[in-house]
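This report describes the overall architecture of one protein and then examines how selected side chains meet. Please look at the sequence and the structure before reading on.

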Amino acid sequence: MTQGNLLILHRKLVDLPEAQNQQHLRSALECGLRAFNIFAQMGHQHYLEQTVGLLREFRHDHGDHFDALWAELVAAPLPTWLADQPEAPEPTLSDLQDRLAAAGVTNAESLQHALEADPELARAYSDFLAAHPELLMRSLIETLLQVEDNQAMVAFWQQLPAELEDPLLSAAEALLAQAQHAGEDDLVAALGPRLAGLRHICAAQRAQHPPGDGG
């Protein structure tokens, strides 16, 4: 396990401004190979799979450097589990937050500007929220809390996909009930009227276009 941790440490040291990158890459691979061999010999499948994941990520990030070091240290072809190019690791919430911070996002307005200015960031943001529905609901509620008047509420509703209307209403109702129970008066005062306004708009639109109405 220590060798696996050293692999991670040496990979992080590669990013330091004055780091001896090649030496740290070499040390990282040496540690990874030691960890792999130890876990394989001991039959620790769980830790072996973790080490495989670290080595695959290592090769994904450093490509040609990794292959050259492997040839030097192992003097054998890459095994199948490394030869197949792995997919890029799924971005984490921390990764996305770092990208948003770098784009100057501090509130809902600056978020909107950043997403409009950077289609790649907008796609990453959309894909992440789609993969994490609980964060999507939180994001929508935070946007709802930014709504200042009826015109803005209508604009918010128009941009909301139809399949998210009921989930958002349910999530907002649950949050409002929780806030009422906890005595969070400021949140109740902010969310209550906005939720009522959104319910009114949804009901009015559904009355005009009921389900199954071809119009």
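A salt bridge is a side-chain nitrogen of Lys or Arg within 4 Å of a carboxyl oxygen of Asp or Glu. D67 and R59 satisfy this rule, since their closest N and O atoms are 2.7 Å apart. The structure shown is a predicted model, and every value in this report is computed from it.

**Overall architecture**

The protein has 11 helices and 0 strands. Its pattern along the sequence is therefore α-α-α-α-α-α-α-α-α-α-α, with helices numbered from the N terminus. The protein comprises 215 residues, of which 31% count as buried. About 13,600 Å² of the protein is exposed, and carbon and sulfur atoms supply 53% of that area. Contacts can also be sorted by separation in sequence. Among those between residues at least 6 apart, 58% join residues at least 24 apart.

**Salt bridges**

How many salt bridges does a search of the whole structure find? The search finds 3, and they are listed below.

| Acidic residue | Basic residue | Closest N to O distance |
|---|---|---|
| E72 | R26 | 2.7 Å |
| D67 | R59 | 2.7 Å |
| E173 | R199 | 3.1 Å |

The bridge between E72 and R26 links distant parts of the chain. E72 belongs to helix α3, whereas R26 belongs to helix α2 (residues 21-42), and the two residues are 46 apart. E72 counts as partly exposed because its relative accessibility is 47%, a value between the limits of 20% and 50%. R26 is likewise classed as partly exposed, at 22%.

In the bridge between D67 and R59, are the two residues buried or partly exposed? D67 has a relative accessible area of 26% and is therefore partly exposed. R59 has a relative accessible area of 10%, so it is buried; the cut-off for this class is under 20%.

The third row of the table concerns E173 and R199, whose side chains meet in a salt bridge. E173 lies in helix α10 (residues 165-182) and R199 in helix α11 (residues 185-208), so this bridge ties together parts that are 26 residues apart in sequence. Both partners are partly exposed: E173 has a relative accessibility of 33%, and R199 has one of 36%.

**Aromatic pairs**

A pair of aromatic rings is described by the distance of the centres and the angle of the planes. Rings pair if their centres lie within 6.5 Å, and by this rule the count comes to 2 aromatic pairs. In one of them, F58 and F66 are arranged edge-to-face, with 5.0 Å from centre to centre and 80° between the planes. This label applies because the angle is over 60 degrees. F58 and F66 are both buried.

F66 also pairs with W70, and this pair is stacked: the centres are 6.1 Å apart and the planes differ by 20°. Here the angle is under 30 degrees, which means that the pair counts as stacked. Where do F66 and W70 lie? Both are in helix α3 (residues 45-74), 4 residues apart, which is about one turn of the helix. Like F66, W70 is buried.

Together, the ring pairs link F58, F66 and W70 into a cluster. Helix α3, which holds F66 and W70, also contains E72, the partner of R26 in helix α2.

Methods. Residues are numbered from 1 along each chain as its sequence is written. This is a predicted model: local features need pLDDT of at least 70, side-chain atom pairs count only at pLDDT 80 or more; totals for chains, interfaces and linings use all residues. Side-chain values use heavy atoms; hydrogens and water are left out. Rings of Phe, Tyr and Trp (its six-membered ring) pair if their centres lie within 6.5 Å; planes under 30 degrees apart count as stacked, over 60 as edge-to-face and the rest as tilted. Buried means under 20% relative accessible area, exposed over 50%, partly exposed in between (1.4 Å probe, protein chains only). Contact means heavy atoms within 4.5 Å. Accessible areas come from the Shrake-Rupley method with a 1.4 Å probe; for residues, only the protein chains shown count as cover.
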